[in-house]
Every structure is written in C-alpha cells, then in structure tokens.
Amino acid sequence: MSPTIKTTVVGSYPLPDWLLAAPSEQALEDATMVVLKTQELAGIDLIADGELYRFDVSHPETNGMIDYFVRPLAGVRTAITRADLKAFENKAGMAFRSRPAGVIEGQIGEGCLDLVSAYRRVRRLTDRPLKFTITSPYMLARTLMDTHYGDLERVTLALAEVLACQVREIDAEVIQIDEANITGKAEDGFWVAPTLNRILYEVQKIPALHLCFGNYGGQSIQQGTWEQLIGFLNCLHIDHVVAEMAFRGDDELPAFRDLRPEVKLGLGVIDVKRTVVETPEEIARTLEKATQVLGAERISYIHPDCGFWMLKRSIADAKMRALVKGRDLFEGRG
C-alpha cells in the first residue's frame with residue numbers, strides 16, 4: 001500500500017570529495033547518479049538531483065543557489081567594483097552577504113541560463129518521481145544591486161518572467177521555488193505573491209514553495225514567524241508548502257490551521273543545522289504531534305528543513321534513512 005505521507009528532500013546534497021578534486025562533465029553525471037541512487041536506496045518517494053552542477057567553490061555559503069541563476073543573465077554584470085561594494089553595504093537586510101551577486105545595468109533577459117537542459121540531463125538518469133528546484137525571483141532580486149529598474153518589484157517581476165519561460169518546458173513531477181528571504185520581510189508578501197504566481201502557473205504538474213528562515217553557512221538569518229506568512233501563502237498557486245519546522249520546534253504548528261484547505265503542508269522533521277541524526281521514533285512522535293494539531297489530511301510530505309549541502313554525506317544519508325523509517329513507523333508500515 002502506498003504511503004499516505006510521502007518523503008522527499010529539499011534539493012541539495014553534499015558535494016562528493018572526488019567530484020571537487022577532479023571535476024568533469026562525466027564525473028558530474030556519475031556523481032548525480034550516485035545522489036539519485038542514494039535517495040532511491042533510502043526509500044525517498046520524491047527525489048531531487050542534488051544540485052551538484054550548481055555548486056560554486058567561490059561562493060560556498062549559498063551553494064550556488066544565487067550565483068548559478070544570476071551569472072548567466074543578460075543585463076546583469078557580475079564583476080563587482082569597490083563602488084558596488086560600498087553601495088551594497090547600505091542595502092537593508094543583507095548584512096549576511098559581503099557583496100552583491102551582480103549589478104543590474106540593463107533589461108534582464110535569460111542570457112545563457114538554461115534550466116531546461118539542466119533538467120533534461122537529470123531526467124534521463126532516473127525513472128523515479130523527480131523534483132526540480134529554482135530559486136525565487138524575490139530572493140535573487142534582493143541580492144542584486146539595481147541601477148536600471150529603480151524598483152525592487154520590477155526587478156523581481158523581470159526575473160520571474162525569465163524563470164517562467166523556462167519552467168513551462170520542464171515536466172518534473174514537482175517544481176519547487178526556494179525562498180529564504182520573504183520570511184523576514186512578510187510585509188512584502190502582497191506584491192511578491194503575484195510575481196511567484198507568474199512562475200507557478202506555468203508548472204505542468206505539481207507546484208510547490210520551500211520557505212525557510214535562512215541557512216547561510218548554517219545560520220538562521222531571518223527574524224519572523226509562520227503566522228505572519230499565512231496570508232502570503234494563501235495567495236499562491238501551490239499544491240504544498242515545504243516548511244522549515246524541525247529547527248524551530250512545533251510551537252508554531254497551529255498557525256497552519258489558517259492555510260487554505262487545498263494547500264497541503266510539507267513538514268520539516270530533519271534539522272540540517274545539526275549533525276545529530278534523528279531517530280525514527282523522534283520523527284514518528286513529531287508526526288503524531290503535527291497530525292493531532294492539524295489533522296492527518298493536512299500533511300502530504302515530510303522532509304529536511306533545507307538542503308543537505310553543508311553536511312557530510314554519511315550524515316545526510318543517515319538522516320534520509322531515518323526520515324523514511326520514521327514515516328513508516330508512524331504509519332505502521334515497519
């Protein structure tokens with residue numbers, strides 16, 4: 001019998017040492033197959049590619065989550081001057097970054113960004129249900145210096161247009177937008193929601209949004225609450241929200257009662273900010289508490305809070321196995 005609650009990952013996986021030591025196209029494909037097979041053997045229901053091809057050794061703090069998307073864009077300069085750095089120092093809410101990801105000097109276009117080919121390279125490596133992740137245009141916009149549009153909303157919409165045009169050609173079972181900035185700026189939600197919907201309405205199958213409160217070098221960055229974000233979530237064309245909860249605890253669970261009934265919850269039950277591996281029993285107890293508060297019909301996935309890229313492979317792998325065993329224990333399957 002198929003599980004009622006499915007297991008998944010957020011996206012990233014630790015970069016294998018041997019890929020970093022001897023990178024090549026073939027090594028990257030081999031490493032991606034290892035990531036996919038590791039998730040398969042752990043019993044993960046909805047797998048992801050590990051985002052190994054996005055990693056940039058020059059920007060390890062964000063694992064390529066920003067730079068992979070920004071660097072190829074037309075209209076964006078990524079060679080940063082001293083004047084750019086000085087201007088960026090005064091940008092509110094960005095103290096955790098020492099430099100902008102780029103400077104917008106003209107109309108933003110897709111340039112050489114090719115998410116479609118990246119997806120197709122992975123799609124042929126597995127026949128399992130596959131999640132494909134993209135970074136939110138709002139998060140990208142917040143890391144850029146703008147000398148062209150003069151308005152953050154216009155920048156975000158321009159980035160959303162680029163991403164939407166590519167998403168419409170990707171047929172992954174789930175497309176997940178990753179956003180770790182709006183959690184500290186909930187007041188922007190009223191105008192950010194339509195820009196995300198520009199992308200979400202292009203998703204062929206299941207649209208999802210991952211929200212966390214920051215995982216920059218293992219640190220939580222954003223100050224905010226889930227209660228402040230529910231109105232924003234209710235404006236989105238999503239099947240489910242992939243929510244950071246393990247690190248934050250379960251005190252905020254009641255806030256999710258106010259989600260639209262058709263929006264399901266992906267529950268973070270694995271804390272990626274610590275190396276201790278959760279036990280299946282702990283995960284089962286977390287699920288029991290969540291279903292008591294929200295009802296079993298509300299929870300559709302369990303997963304880590306964020307990507308695994310900062311952890312050692314042995315720890316990430318053990319956490320995935322515990323994730324599946326904890327779900328099975330809760331459902332009386334093992």
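Here is a chat between a student and a tutor about a predicted model.

Student: Hi! Before we start, what kind of model is this?

Tutor: Hello! The structure is a predicted model, and the values we will talk about are computed from it.

Student: Okay, let's go inside. Which residues touch the most other members of the largest nonpolar core?

Tutor: Those are Ile108, Trp226, Phe232, Leu233 and Leu267. The core has 101 residues in total.

Student: Which helix gives the largest share of this core?

Tutor: Helix α7, residues 152–167, with 8 residues in the core.

Student: Can we zoom in on Ile108? What is Ile108 in contact with?

Tutor: Setting aside neighbours within four places in sequence, Ile108 is in contact with Leu73, Ala74, Val76, Tyr149, Val155, Ala158, Leu159 and Val162.

Student: Nice. Now Ala193: where is that one?

Tutor: Ala193 sits in helix α8, which covers residues 189–200.

Student: Is Ala193 buried or exposed, and why?

Tutor: Ala193 is buried, because its relative accessible area is 3%, and the cut-off for buried is under 20%.

Student: And what does Ala193 touch?

Tutor: Leaving out residues up to four places away in sequence, Ala193 touches Phe232, Cys235 and Leu236. You met Phe232 a moment ago, among the core residues that touch the most other members. As for Tyr138, its C-alpha is 9.6 Å from that of Ala193, and the two are 55 residues apart in sequence.

Student: Let's look at an exposed residue. Why does Ser98 count as exposed?

Tutor: Ser98 has a relative accessible area of 64%, and exposed means over 50%, so Ser98 qualifies. Ser98 lies in the loop between α4 (82–89) and β4 (102–109).

Student: Which residues does Ser98 touch?

Tutor: Not counting residues up to four places away in sequence, Ser98 touches Leu85 and Phe88. Ser98 and Phe88 are 10 residues apart in sequence, and their C-alpha atoms are 8.1 Å apart.

Student: New topic, empty space! How many cavities of 30 Å³ or more are there?

Tutor: The structure holds 2 of them. The second largest has about 40 Å³ of space.

Student: Which residues line the second largest cavity?

Tutor: Its lining is made of Val9, Gly11, Ser12, Tyr13, Val35, Gln39, Gly50, Phe308 and Met320. By type, that lining divides into 5 nonpolar, 4 polar and no charged residues.

Student: I saw Met320 there. Is Met320 in a helix I should look at?

Tutor: Yes, have a look at α11, where Met320 is one of the buried residues. Others include Ile315, Ala318, Leu323 and Val324, and also Asp317, Lys319, Arg327 and Asp328.

Student: What covers the buried residues of α11?

Tutor: The cover includes β1 (6–7), α2 (25–42), β10, α10 and β11. Just after α11, Gly332 takes a positive phi of about 70°.

Student: You mentioned α10. Why does its length agree with what we'd expect?

Tutor: Helix α10 has 15 residues (280–294), and at 1.5 Å a residue they should span 21 Å; its end C-alpha atoms are 21 Å apart, so the two agree. Buried residues in α10 include Ile283, Ala284, Leu287 and Ala290, and their cover includes β10 (264–270), β11 (299–304) and α11 (313–330). After α10 comes Gly295, with a positive phi near 95°.

Student: Which residue other than glycine has a positive phi near 60°?

Tutor: That is Glu51. Most residues other than glycine have a negative phi. Glu51 lies in the loop between β2 (47–48) and α3 (67–70).

Student: Is Glu51 buried or exposed?

Tutor: Glu51 counts as buried, because its relative accessibility is 9%. In space, Glu51 and Trp309 are 9.0 Å apart, C-alpha to C-alpha, with their positions 258 residues apart in sequence.

Student: Which other residue can I compare through Trp309?

Tutor: Try Leu15. The C-alpha atoms of Leu15 and Trp309 are separated by 6.7 Å, though the two are 294 residues apart along the chain. Leu15 lies in the loop between β1 and α1 (17–21).

Student: Last one! How accessible is Leu15, and what does it touch?

Tutor: Leu15 has a relative accessible area of 19%, so it is buried. Not counting residues up to four places away in sequence, Leu15 touches Leu20, Leu52 and Phe55.

Notes
Residues numbered from 1 in each chain as written. Predicted model: local features only at pLDDT ≥ 70, side-chain atom pairs only at ≥ 80, totals over all residues. Heavy atoms only, no water. Core = buried A, V, L, I, M, F, W, Y, C linked by side-chain atoms within 4.5 Å. Buried < 20%, exposed > 50% of the residue type's maximum accessible area, 1.4 Å probe, protein only. Helix = DSSP H or I, 4+ residues; strand = E, 2+ residues; numbered from the N terminus. Contact = heavy atoms within 4.5 Å. 1 Å grid on protein atoms, 1.4 Å probe; cavity = no way out; pocket = protein on both sides within 12 Å on 5 of 7 lines; lining within 4 Å. Points joined across faces, edges and corners; volume = space filled by probe spheres on them. Nonpolar A, V, L, I, M, F, W, Y, C, P; charged D, E, K, R; others polar. Expected span 1.5 Å × (residues − 1).
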